[in-house]
Amino acid sequence: MLKLGLVIFCVLVASGPTWSARTVDSHLGQKDLSRLQKVFVDGFGSSDLQSIFFSSLNIQLTDATQKEPLCKKIATLHSESKLNSFEKDYYYIGASRNLGCSAKIDEGLLSKVYSSLNSELGSSQEIFYRVVTHKVLGVEINEATQEKLVKRLQELLKKDDTLSGLGYAFNVAPLLGASASFIANRVEDAIVQADEVDGKLLQFEGGLSITSLIINGAFGVSKTFNKPVPITADQAVKFANYFLSRRSVQTAKGAHVLIEALKTISGADKIAPVCVQLIGNGQLDAQSPTLNVAVVDLLGKPLSPAPKVINAKVIRKKDSSVLADKITVASKSSDKTTYVADLASLKPARGVYQAELSADGVYTQTLQFKVLGRVKVQSLEVGIAESDASAATRKQSVTYPGKLQEVLSADSTQKLLLKAVLVDESTSKPLAVHQAFVRLYNKKTDKEIIFVAEQDSSKAYKFDMDVGNNGKNFNYQSGTYSIYLTVGDSSLSNSFEWLVAEVQLKFNEDKEVKPKNTSGPLPEIIHQFRVPDKRPPRIVSDIFTGLCITPLVLLFVFWGKLGINVSNLTLAPSTIGFHLGFGGILVLFFVFWLQLNMFQTLRLLIPIAVFTFLAGNRLLRRLYAQRNSKASAS
């Protein structure tokens with residue numbers, strides 16, 4: 001027993017951080033809400049009754065010139081809709097109420113809706129739509145009818161306990177009074193059917209509509225009948241991740257159920273996840289490293305109540321060293337969603353860091369950010385040397401960001417050298433960068449060539465170009481080239497390109513290179529078929545044809561010598577038809593050999609072959625019958 005208790009304790013300790021996380025990486029921001037608002041606006045212009053209803057739920061029209069045409073439109077769409085009567089009745093009546101239509105709803109339709117609860121409803125979906133339609137109309141359902149509906153709901157769920165059936169039952173149960181509390185026992189049966197995706201998402205088969213239907217209904221049942229929340233905090237995070245992944249929904253119904261589901265999960269105080277994310281691109285300047293963090297609910301609103309204490313543990317990702325164990329993340333007085341941590345006292349060096357945030361010990365999130373450093377050119381030398389090293393190298397120093405006043409000169413027997421020492425501005429230590437290029441640019445021809453500067457054992461970047469061996473790269477175009485040093489890195493805040501000097505390059509072979517025509521029509525491409533293979537000599541074809549005809553010639557020869565037995569040949573239609581069909585096939589093959597192609601031949605062969613098959617079958621049956629009659633007579 002002690003061992004079992006120890007195992008359970010270890011499992012709880014190990015899973016504790018997961019329970020306390022309760023955070024997601026994103027939320028439904030203002031940009032998303034604006035796009036969904038446009039979906040609702042577009043819904044008014046559609047010819048779909050359902051879209052107009054959900055749009056009217058989320059946008060209130062005040063312009064009478066817009067409302068009246070819509071009221072006439074939904075009446076027409078209701079009569080033409082192919083939806084179930086209970087569903088289209090709800091959308092029509094609901095849209096009329098939402099729009100505030102002046103025209104009264106047809107009494108015949110209202111009478112049908114009122115009397116519908118007295119009949120035996122066929123599904124939990126029908127019960128839901130009929131009950132909510134009464135609610136929209138402001139009609140109270142008496143207790144006797146409620147009891148009847150609850151019993152019918154129980155009967156239906158015994159036959160149909162699909163996710164859709166349970167979802168509608170969850171949503172209608174709170175409207176049917178205490179007698180419908182039995183449905184609370186079915187919530188767990190539905191939740192366990194959720195599918196997990198990549199360990200991050202939870203959804204039900206059927207997508208957004210079914211998932212939101214069950215989640216909204218399950219929370220409604222729990223609230224109405226005073227039951228515990230239907231999902232755990234970990235499940236709430238995964239369901240929220242799924243709903244947020246569907247933010248690009250394009251239909252009015254999808255937009256509505258998405259917002260409603262996120263509101264439902266955000267309203268569950270004990271399990272509601274929040275969004276903790278970096279503000280901006282996560283790149284901090286080393287001179288003023290300030291970490292800005294947004295802490296909001298799933299709809300981008302400030303938390304209520306706001307977190308009392310938010311602390312951050314800052315870790316350098318490269319070596320997992322801890323810079324600070326407890327940094328206070330304070331709220332901005334002007335913005336209740338923004339929290340700021342000043343990291344200046346830590347003096348973080350250039351690199352990638354992780355901030356492990358904890359809000360009130362309930363919400364935890366790990367954020368990755370980058371501290372940008374500043375590069376400094378400690379020294380740079382540029383010069384010309386002989387390719388065979390027969391003479392000393394002439395090097396000259398250049399100070400950033402200046403330019404060498406003298407124009408260098410190098411011919412095909414020399415090489416161009418450049419050496420630069422890059423250091424971190426804050427530590428003066430040699431720096432390795434992602435990009436270190438030397439660019440040679442000829443202003444006259446507007447041509448350039450780029451070389452990579454390599455870092456040597458002393459951490460200095462070197463460039464060494466043999467002029468003679470690189471003439472081809474320059475198209476042997478002599479002239480004055482500007483020397484640029486380009487330094488760049490994703491972790492630097494002051495990447496630069498520096499004009500270091502100018503050099504006169506002279507190549508042995510001068511070639512005038514015609515500029516390529518980059519505009520205008522390209523030369524026409526004329527398609528040419530493959531040249532046919534050479535045919536064999538005529539004599540070969542004649543011999544092959546003779547060999548093919550030989551069996552037919554021999555047949556007629558043998559018939560002439562041996563004779564032909566035509567005693568069983570009759571003038572019956574099947575006999576004549578079979579021989580005509582068979583002969584037709586032979587003639588067709590001969591014509592195919594002369595001029596037809598395969599597809600033409602097949603189109604003609606199919607009807608002839610079918611006719612020959614049927615005639616031959618009839619002929620063989622007749623011959624079989626004749627043989628049996630002769631045998632019985634003998």
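# Strands, pockets and domains of a predicted model

Strand β16 (residues 414-424) and strand β20 (residues 461-466) pair in the antiparallel sense, with six bridges between them. The model described here is predicted. Within the pairing of β16 and β20, K415 has D466 of β20 as its bridge partner. β16 also takes part in a second antiparallel pairing, in which eleven bridges connect it to strand β13 (residues 375-386). In that pairing, V375 is matched with D424 of β16. β16 is mostly covered, since nine of its eleven residues are buried.

A further set of strands forms an open sheet. Five strands belong to it, in the order β15-β22-β21-β17-β18, and the pairing is mixed. β15 (407-410) and β18 (447-452) stand at the edges with a single partner strand each, so one side of each has no neighbour in the sheet. On average, neighbouring strands of this sheet are turned by 30 degrees against each other, direction ignored.

Strand β17 (residues 435-442) offers a good place from which to read this sheet. Seven bridges join β17 to strand β21 (residues 479-488), and the two run antiparallel. Y441 finds its bridge partner in S482 of β21. β17 is also joined to β18, by six bridges and again in the antiparallel sense. Here L440 has I449 of β18 as its bridge partner, and R439 stands opposite I450 in β18. β17 and β18 form a hairpin with four residues between them, and D446 in the turn has a positive phi of about 55 degrees. How much of β17 is buried? Six of its eight residues are, which makes the strand mostly covered.

Several loops deserve separate attention. Q477 lies in the loop between β20 and β21. Residues under 20% relative accessible area count as buried, and Q477, with a value of 19%, is therefore buried. K459 is placed in the loop between β19 (454-455) and β20. Phi of K459 is near 70 degrees, a positive value in a residue other than glycine. With a relative accessibility of 44%, K459 counts as partly exposed. D360, in the loop between β11 and β12, likewise has a positive phi, near 55 degrees, and is not a glycine. D360 counts as partly exposed, at 37% relative accessibility.

Two cis peptide bonds can be located in loops as well. One joins S304 and P305, with omega of about 0 degrees; P305 belongs to the loop between β6 (290-296) and β7 (310-316). Another joins Y400 and P401, with omega of about 5 degrees; P401 is in the loop between β14 (394-397) and β15.

The description now turns to empty space in the model. The largest pocket has a volume of about 730 Å³. Of the 26 residues that line this pocket, F128, N171, L213, N216 and H256 are the closest to its centre. Two or more lining residues come from each of α3 (49-58), α5 (85-99), α7 (124-137), α9 (163-172), α11 (208-224) and α13 (252-266). Which element gives the most to the lining of the largest pocket? That element is α11, with six residues. By class, the lining of the largest pocket comprises 16 nonpolar, seven polar and three charged residues.

A search of the whole structure for enclosed space finds one cavity of 30 Å³ or more. The largest cavity has a volume of about 60 Å³. Its lining consists of V276, V295, I310, L357, S358, A359, Y363, T364 and Q365. β11 (351-359) and β12 (363-372) each supply at least two residues of this lining. By class, the cavity lining has six nonpolar, three polar and no charged residues.

The domain assignment places these features along the chain. It gives domain 1 (27-267), domain 2 (274-372), domain 3 (375-505) and domain 4 (574-633). The C-alpha centres of domain 3 and domain 4 lie 89 Å apart. A pair of residues gives another distance in the model: Q477 and R627 are 150 residues apart in sequence and 101 Å apart in space, C-alpha to C-alpha.

Key
Residues are numbered from 1 along each chain as its sequence is written. This is a predicted model: local features need pLDDT of at least 70, side-chain atom pairs count only at pLDDT 80 or more; totals for chains, interfaces and linings use all residues. Side-chain values use heavy atoms; hydrogens and water are left out. On a 1 Å grid over the protein atoms alone, a cavity is a set of points where a 1.4 Å probe fits but cannot get out, and a pocket is an open set with protein on both sides within 12 Å along at least five of seven lines; lining residues have an atom within 4 Å of a point. Grid points are joined across faces, edges and corners, and a volume is the space filled by probe spheres set on the points. Ala, Val, Leu, Ile, Met, Phe, Trp, Tyr, Cys and Pro count as nonpolar, Asp, Glu, Lys and Arg as charged, and the others, Gly among them, as polar. Two strands pair if DSSP finds at least two bridges between them. Axes are lines fitted to C-alpha atoms, for helices over the stretch in contact, and angles run from 0 to 180 degrees between N-to-C directions. Domain bounds come from an automatic or database domain assignment. Buried means under 20% relative accessible area, exposed over 50%, partly exposed in between (1.4 Å probe, protein chains only).
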